[in-house]
2 protein chains.
Amino acid sequence: MPGRRATVRKKPNKEIRTGAVIPKEERRQQILKAARDVFVKRGYHQTTIDDIVAAAGVARGTYYLYFEDKRAVLADLIDRFAAQITMAIQRITTDEVERSVGMQVRENIRAVIGVCLKERSMTKILFTDATGVDSDFHRKLSTFYDSVVQLLTESLKDGQALGIVGEGEPRVLAYLTVGALKELLYQAVGMGLTEETTEVLTQQLFVFLSEGYLRVKPDQAPQRRRRSR
Amino acid sequence: MPGRRATVRKKPNKEIRTGAVIPKEERRQQILKAARDVFVKRGYHQTTIDDIVAAAGVARGTYYLYFEDKRAVLADLIDRFAAQITMAIQRITTDEVERSVGMQVRENIRAVIGVCLKERSMTKILFTDATGVDSDFHRKLSTFYDSVVQLLTESLKDGQALGIVGEGEPRVLAYLTVGALKELLYQAVGMGLTEETTEVLTQQLFVFLSEGYLRVKPDQAPQRRRRSR
DNA sequence: GCTGACACTGACACTGACGTCAGTGGCCGA
DNA sequence: TCGGCCACTGACGTCAGTGTCAGTGTCAGC
């Protein structure tokens, strides 16, 4: 426990400017926003509490009134962002006549890409900083991804039963899909693409998932065992 | 510059065991191997030089005889691993009659998956720790991925000219492919899959790239603009 | 005007990790 | 046998970053 006081404290500087009275939640947001911006600029591990505090324009002590440590802000940011993404995904139904399965898939892709391009900072943080923080954090992230993969896996199983989804281990297909989407988003954000690009990216991914792109003759491949695994 | 000596040093503990005389390169390998193992277990950011040193069974000072700081070992590890992967990839040729394009693509996928499953520790480190170290490191990683993406992009362009590759922005297709492969590898390594699985994963990815998996009727999709972008 | 509650401040004590370097001992050539 | 070289050691000083808390100003209620 650092900071345990033992001697008499020097009188603080005069000229103390207590900031305007601000609602608790608003101050919290202020710190979160500042932290997010600093994380994007310097990277999570390079960032110190002092950096966040300076960006937020509050004192060191105030920070600890709202968050336990540096991890806590990141956790909060990621939680909110993960929730946004989760909410953007709609379970696919086959009993709806109005919206075809294809449209629903498209809509899901579009929604996720839309969120990530709207929250570019968070997308970048999620992909570059959230990984490798510590094991607790890793578990949190895994849980999030797993829930997405799980949902997708089940949908793919259903789809296979209906003949809408081709052959292949559903879980593996889910990983391939999520991986493709992640990389696409990461690059899109890195290149500075904005929401306007959503449609284009959606289309590319949709076609990719529908048809792949390799047009090699089947017989050219050695031992074509399509039912493997 | 920490450690600047000012007072007289206490006599070191007796019982000094100078390790057996070992060739320079061997000692270097010893430290690299230890670092790799500790990184996998604790994660790069949680690891201290003392952890590495303890695992390697050498003294703190010895470490600094071989590496400048903690980053340096990671950089060395990643460089070697990246080189392995790069070497595993063979440029695809169309003038060869013996090996069809399909076979060559398959072979590349197989080779990369093989390397990553053989070097599971490094694969995990590459995906979970190498990201977010600092901006210099980020540049190093980007350069590596870019070289892979670049090669793939060019191949896809050639492929499109030959009708072997379907429509779509080549660079985007490259990202989608690399992303899918990355996630597949990450999950495979995380699940403890070994080299024996190489064939199965290769097959799944190959089929995925060849045909995708979505089998929705084209007319169900709204505004089917295949030539977009 | 007074009082108590409370958000806020920032100087401080503390510490974990770092890089250094004086010292040690094995080995080889003279 | 001796001397010098050199890989190796580990205790040490340093410091950046942390979490704390005594103190300050503001405001609502009385």
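Reader: Why does Gln204(A) count as buried?
Author: Count its neighbours. Gln204(A) has 22 C-beta neighbours inside 10 Å, and the cut-off for buried is 20 or more, so Gln204(A) counts as buried. Keep in mind that this is a predicted model, so these are all computed values.

Reader: Where does Gln204(A) sit?
Author: Gln204(A) is in helix α9 of chain A. Its C-alpha atom is 9.9 Å from that of Leu184(A), with the two positions 20 residues apart along the chain.

Reader: And what is Asp37(B), buried or partly exposed?
Author: Same test, other outcome. Asp37(B) has 15 C-beta neighbours inside 10 Å. Buried takes 20 or more and exposed takes 12 or fewer, so Asp37(B) lands in between and counts as partly exposed.

Reader: Which residues does Asp37(B) touch, leaving out those up to four places away in sequence?
Author: Asp37(B) touches Ala55(B) and Ser121(B). Asp37(B) itself belongs to helix α1 of chain B, residues 24–42. Also, its C-alpha atom and that of Ile52(B) are separated by 8.7 Å, although the two residues are 15 apart along the chain.

Reader: How do you know what length to expect for α1(B)?
Author: Use 1.5 Å a residue. For the 19 residues of α1(B) that gives an expected 27 Å, and the helix reaches 27 Å from its first C-alpha to its last. After the helix comes Gly43(B), with a positive phi near 90°.

Reader: What do the buried residues of α1(B) pack against?
Author: They pack against α2, α3, α4 and α6 of chain B. The buried residues themselves are Ile31(B), Ala34(B), Ala35(B), Arg36(B), Val38(B) and Phe39(B).

Reader: How does the span of helix α9 of chain B compare with what it should be?
Author: At 1.5 Å a residue, the 14 residues of α9(B) should span 20 Å. The end C-alpha atoms are 20 Å apart, so the two values agree. Right behind α9(B) comes Gly212(B), whose phi is positive, near 65°.

Reader: What makes α9(B) a mostly covered helix?
Author: The count again: eleven of its 14 residues are buried. Among them are Leu201(B), Leu205(B), Phe206(B) and Phe208(B). These buried residues have partners in both chains: α8 and α9 of chain A, plus α5 and α8 of chain B.

Reader: How many residues of the two chains are in contact?
Author: 54 residues of chain A are in contact with 54 residues of chain B. On the chain A side, α5, α8 and α9 each supply at least two residues, and the largest share, eleven residues, comes from α8(A). By class, that side has 23 nonpolar, 20 polar and eleven charged residues.

Reader: Why can you say the copies meet through the same surface?
Author: Compare the two lists: 100% of the interface residues of chain A are also interface residues in chain B, so the surface is the same in both copies.

Reader: What rotation superposes chain A on chain B?
Author: A rotation of 180°, with 0.0 Å of shift along its axis, and the RMSD is 0.1 Å. That is the relation of a two-fold axis.

Reader: Which residues touch the most other members of the largest nonpolar core?
Author: That core has 68 residues, and the ones with the most partners are Leu176, Leu184 and Leu205, in chain A and in chain B. The helices α5, α7, α8 and α9 of both chains each supply at least two residues of this core. Take Leu184(B): beyond residues up to four places away, it touches Val172(A), Tyr175(A), Leu176(A), Gly179(A), Leu201(B) and Leu205(B). Another core, of 23 residues, lies apart and includes Val38(B), Tyr44(B), Leu77(B) and Met122(B). In soluble globular proteins, nonpolar side chains tend to be buried together.

Reader: How many helices and strands does chain A have?
Author: Nine helices and zero strands. Of its 229 residues, 35% count as buried.

Reader: What is the mean pLDDT of chain A?
Author: The mean is 88, and 86% of the residues reach 70 or more. Over residues 3–19 of chain A, though, pLDDT is below 50, and that stretch has zero contacts beyond near neighbours in sequence. Residues 219–229 of chain A also stay under 50, with 17 contacts beyond four places in sequence. Where pLDDT is low, the predicted coordinates should not be read in detail.

Terms used. Residues numbered from 1 in each chain as written. Chains lettered and ligands numbered in written order. Predicted model: local features only at pLDDT ≥ 70, side-chain atom pairs only at ≥ 80, totals over all residues. Helix = DSSP H or I, 4+ residues; strand = E, 2+ residues; numbered from the N terminus. Expected span 1.5 Å × (residues − 1). Contact = placed C-beta atoms within 7 Å. Nonpolar A, V, L, I, M, F, W, Y, C, P; charged D, E, K, R; others polar. Core = buried A, V, L, I, M, F, W, Y, C linked by C-beta atoms within 7 Å. Least-squares fit on C-alpha atoms with pLDDT ≥ 70 in both. pLDDT = per-residue confidence, 0-100.
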